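Colleague: I would like to go through the labels in this model. Please tie each one to its value and its cut-off.

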Amino acid sequence: MTSFKKILEAISDERKDKKTLFGDLEWRIESLGVLGEQIIEEAKKAQVTSLPSISFDGYRNYVEQGDRKTFENQYFERRRRLCALALQVFLDDTQDVSYMENELWQVCNEFTWALPAHIPTADCIFSNERNAPWETVDLFAAETAHMLAEIYVLIGERLHPLVGQRIEVEIHRRVLQPLFYNPVPFKWESAAHNWSAVCAGAIGMTVLLMVEDKNKVAGMLARLLGALESFMEGFSEDGGCAEGVGYWGYGFGYYIYFADMLYHYTEGKLDLLSAARVKEIACFPYRTQLSRNHFVSYSDGQAAQTLPTGLLSRLRNMLGVEVPSTGEITGYHFDHCYRWAHIFRNVIWTEDDGLNKEQEDTQEHFYLPNTGWVIHREQRGMDQFAFSIKGGHNNEPHNHNDLGNFILHVNGEDILVDLGAGLYTKDYFGEKRYEILNNRSKGHSVPVIGGQEQRSGAQYECKILSQSINENEISYTLDVTRAYGLANLKQFYRSFTWKTEESKCVLHMHDYFRYVDRPEAVQEAFISYLKPEITDHYIVWKSQHAEVKLQWNKECFTPSLEVHEILDHYEQKQTVYRLVLQSEVVNKEIEGSFSFYCFPANR
């Protein structure tokens, strides 16, 4: 715990130019390659098209139907435009600021900076549980305040005084006053997930940039540092982020952005990066990468994931950790919310060295014992093989009922997949969450036992019982018995053995079920976006770059295929193939043997 006394002593009485909190700002748009071109393109588009209105329909559609997209599409389009215009002005001092000023003014005019999904509602009206909607401090209100604060500091001398005054007034009215003038905390202040880091980090940077009084700054920081400690409590000793690598980049990103600014603000007296756990957390994306820009997608993660290169470069330089190779600076459109913090730091922090690490023949294996994740990857010439296993419990942040699930990845493609995040709606975070295929255990490569899927709650857990690792073989045994809440289920053990062979890799999976008295039928399942071909000898998944063949004990299980249509996180239709192997033998003990042979395509 960082005391108020320590915070106050760390703040200098001398007020310096706030621009020094960003470090070197000698950047020009021509040096940014594709990112610079995209900023110019987006800024030009914003100059010749009308600003989208934020209509009443967006609020109504959410409170009546649970539809978030109508409002959020309009809201994020405004951030997309403002971010590009501000970056163009920052990077090119010959640019006309009037377009940006109008965008800033309209953001200041918004009814609320919070999303309707984050404002309490009852009977189709905002219930004002703690504050009025325009005083609701959620992720996006905090991010908006931070974006305006940084634009004000970086470009303020070029803004019309009325615009600057309006920015100051709205930041205080909508964010600083509701938070700091009320002793009742927001729920996110005690959250052990991304909310506490994003809100506290964004508001912390806003305070450092916009508040001059030393005592006020110290008092505000004391409250925010408490929230950041809550965030850090959400990580186990292995540094794992149960929310997935996308939320790692979101929450931990804002933690790092604030920590960096606080370090400069206090001239190194307050250093949030000195704790050993910070370095472990910083290693998380490298450990969970399956291939370039492709990561394990458990919980509400996403398999194809672009991380901010500014953040990765900073972590490599500050902490000396391995970070994923990205190939190039992150583009303007990598974040559909167009968060200023990410994009601006991609501009000022990204360093070319390390972005395009050469591929080498390697085997890398990571076991996160506290999080319950296993990740293994191999590079052999141009071919890549990887698998991952999921343990843990069913009450994690952004939880899915997915214990014992696994991913098979060959040559840059998930063959057996974790569906990751679905479309966010009111139901997605409500009572119907586990009716959605992405979230329920039926949407994962885990069995249904006696018609029962896994249940949600911390008591429904999976333990990794044993592991064995040598040069050509890796084995894990999981106890998944408690995931189902079935009194009649004595044991459900799932064992994986990964073998490296000359032209392929093989994953052997063995399931063992034992019942107390009454036998139950078992329905095994394997999830893919690829339609499997069911033959007499194999079940085969083929993609452009890979092929996986499954052999199983046919005397016990009969295959069939289910086809499901879902909407992904970006509201795109996806076809999901659920291969079902139904047990034909119903005994007090049932065993399933499954061998997945993984080949590069056309081998």
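Modeller: What follows takes salt bridges, then a surface patch, then cavities.

Modeller: Keep in mind that this is a predicted model.

Colleague: What makes E42 and R80 a salt bridge?

Modeller: Their side chains come to 2.9 Å, N to O. The cut-off is a Lys or Arg nitrogen within 4 Å of an Asp or Glu carboxyl oxygen. So the pair qualifies.

Colleague: Why is the pair said to tie parts of the chain together?

Modeller: E42 lies in helix α2 (residues 34-48) and R80 in helix α4, so the pair ties together parts that are 38 residues apart in sequence.

Colleague: Why is E42 called buried?

Modeller: Its relative accessible area is 5%. Buried means under 20%. E42 is therefore buried.

Colleague: And why does R80 count as buried?

Modeller: R80 has 19% relative accessibility. That value also falls under 20%, so R80 is buried.

Colleague: What about R440 and E453: how do you know that they form a salt bridge?

Modeller: The N to O distance is 2.3 Å. The rule asks for within 4 Å, so R440 and E453 meet it.

Colleague: Where do the two residues of that pair lie?

Modeller: R440 is in the loop between β10 (413-416) and β11 (448-449). E453 is in the loop between β11 and β12 (457-469). The two are 13 residues apart, and the pair links distant parts of the chain.

Colleague: Why is R440 labelled partly exposed, and why is E453 labelled buried?

Modeller: R440 has a relative accessible area of 23%. Partly exposed is the range between under 20% and over 50%, so the label fits R440. E453 has 15%, under the 20% limit, so E453 is buried.

Colleague: Which labels do E501 and K504 get, and why?

Modeller: Their side chains meet in a salt bridge of 2.8 Å, N to O. E501 has 30% relative accessibility, so E501 is partly exposed. K504 has 17%, so K504 is buried.

Colleague: What joins E42, K45, E77 and R80 into one network?

Modeller: Salt bridges that share partners. The count of salt bridges in the model comes to 39.

Colleague: Now the surface. Which residues make the nonpolar patch?

Modeller: I534, L561 and V563 make it, with about 220 Å².

Colleague: What makes L561 accessible enough for a patch?

Modeller: L561 is in strand β20 (residues 557-567). Its relative accessible area is 32%. Patch residues need over 30%, so L561 passes on area. L561 is still only called partly exposed, because exposed means over 50%.

Colleague: How many cavities are there of 30 Å³ or more?

Modeller: The count is four. The largest has a volume of about 100 Å³.

Colleague: Which residues are closest to the centre of the largest cavity?

Modeller: Of the 14 lining residues, R79, E143, Y338, R339 and W340 are the closest. Helix α6 gives the largest share of the lining, five residues. The lining divides into nine nonpolar, two polar and three charged.

Colleague: What lines the second largest cavity?

Modeller: L21, F22, Y257, D260, M261, R345, I348 and W349. Its volume is about 40 Å³. α10 (245-265) and α14 each supply at least two lining residues.

Colleague: Why are two of them counted as charged?

Modeller: Asp and Arg count as charged, so D260 and R345 are the two. The other six are nonpolar, and no polar residue is present.

Definitions and conventions. Residues numbered from 1 in each chain as written. Predicted model: local features only at pLDDT ≥ 70, side-chain atom pairs only at ≥ 80, totals over all residues. Heavy atoms only, no water. Patch = residues over 30% accessible without salt bridge, like charges linked within 9 Å, V, L, I, M, F, W, Y side chains within 5 Å. Areas by Shrake-Rupley, 256 points an atom, 1.4 Å probe, with all protein chains shown as cover. Helix = DSSP H or I, 4+ residues; strand = E, 2+ residues; numbered from the N terminus. Buried < 20%, exposed > 50% of the residue type's maximum accessible area, 1.4 Å probe, protein only. 1 Å grid on protein atoms, 1.4 Å probe; cavity = no way out; pocket = protein on both sides within 12 Å on 5 of 7 lines; lining within 4 Å. Points joined across faces, edges and corners; volume = space filled by probe spheres on them.
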